[in-house]
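Student: I have a model open and some labels to check. Can we go through the reasoning behind each one?

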Amino acid sequence: MADKTLICKDCGNEFVFTEGEQDFFREKGFDNDPVRCPACRKARKQQRNNSRRDYE
Ligand SMILES: [Zn+2]
């Protein structure tokens with residue numbers, strides 16, 4: 001097991017999927033690698049939480 005460098009689907013930047021994160025994903029039962037970098041994941045999460053307020 002080693003760190004992996006992945007390409008973010010949203011912004012196209014490379015990000016590192018670390019050994020520790022890979023372990024975490026496996027523990028959670030996710031078989032797939034993440035497709036987004038941490039920044040985009042966070043942005044999407046915030047967008048979902050704020051989406052209703054944005055339209056008000
Ligand atoms: Zn990204």
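**Surface, then labels**

Tutor: Start with the outside. The accessible surface of the chain comes to about 4900 Å². Carbon and sulfur atoms own 45% of that surface. Keep in mind that this is a predicted model.

Student: How confident is the predictor in the chain, and where is confidence lowest and highest?

Tutor: The mean pLDDT of the chain is 89. Of its residues, 89% reach 70 or more. Confidence is lowest in helix α2 (residues 38-55), with a mean of 81. It is highest in strand β1 (residues 4-7), at 97.

Student: What is the order of the elements from the N terminus on?

Tutor: The order is β-β-α-α. That goes with 2 helices and 2 strands in the chain.

Student: Now the metal. Which atoms coordinate the zinc ion?

Tutor: The SG atoms of Cys8, Cys11, Cys37 and Cys40, at 2.3 Å. The cut-off for a donor here is 2.8 Å, so these sulfur atoms qualify. Along the sequence the donor residues follow the spacing C-x2-C-x25-C-x2-C.

Student: Why is the arrangement around the zinc ion called tetrahedral?

Tutor: Look at the angles. The 4 donor atoms subtend 104 to 115° at the zinc ion. Four donors count as tetrahedral if all angles lie between 85 and 135 degrees. The range from 104 to 115° lies inside that window, so the label holds. For reference, the ideal angle for four tetrahedral donors is 109.5 degrees.

Student: How many disulfides does the structure hold?

Tutor: The count is 0. A pair of cysteine sulfur atoms would have to lie within 2.5 Å to be listed.

Student: What makes Cys8 buried?

Tutor: Its relative accessibility is 3%. Buried means under 20%, so Cys8 passes.

Student: And why do Cys37 and Cys40 get that label?

Tutor: Cys37 has a relative accessible area of 8%. Cys40 comes in at 13%. The limit is 20%, so Cys37 is buried, and so is Cys40. Across the 56 residues of the chain, 18% count as buried.

Student: Why is Val16 called partly exposed?

Tutor: Val16 sits in strand β2 (residues 14-17). Its relative accessible area is 41%. That falls between 20% and 50%, so partly exposed is the right term.

Student: Which residues does Val16 touch, leaving out those up to four places away in sequence?

Tutor: Asp3, Lys4, Thr5 and Glu21. Take Lys4: it is 12 residues from Val16 in sequence, with 5.6 Å between the C-alpha atoms.

Student: What about Gly20: why is it partly exposed?

Tutor: Gly20 belongs to helix α1 (residues 19-28). Its value is 47%. Exposed would need over 50%, and buried under 20%, so Gly20 lands in between. The C-alpha atoms of Gly20 and Ala2 are separated by 9.3 Å, at 18 residues along the chain.

Student: Last one. What share of the contacts with a separation of 6 or more comes from residues 24 or more positions apart?

Tutor: They account for 32% in this chain.

Notes:
Residues are numbered from 1 along each chain as its sequence is written. This is a predicted model: local features need pLDDT of at least 70, side-chain atom pairs count only at pLDDT 80 or more; totals for chains, interfaces and linings use all residues. Side-chain values use heavy atoms; hydrogens and water are left out. pLDDT is the predictor's confidence in each residue, from 0 to 100. Helices (H or I, at least four residues) and strands (E, at least two) are DSSP runs, numbered from the N terminus. Donors are N, O and S atoms within 2.8 Å of the metal (3.2 Å for Na, K and Ca); water is not among the atoms, so sites may look incomplete. Four donors count as tetrahedral if all angles lie between 85 and 135 degrees; four count as square planar and six as octahedral if opposite donors are over 155 degrees apart and all others between 65 and 115; anything else is irregular. Buried means under 20% relative accessible area, exposed over 50%, partly exposed in between (1.4 Å probe, protein chains only). Contact means heavy atoms within 4.5 Å. Accessible areas come from the Shrake-Rupley method with a 1.4 Å probe; for residues, only the protein chains shown count as cover.
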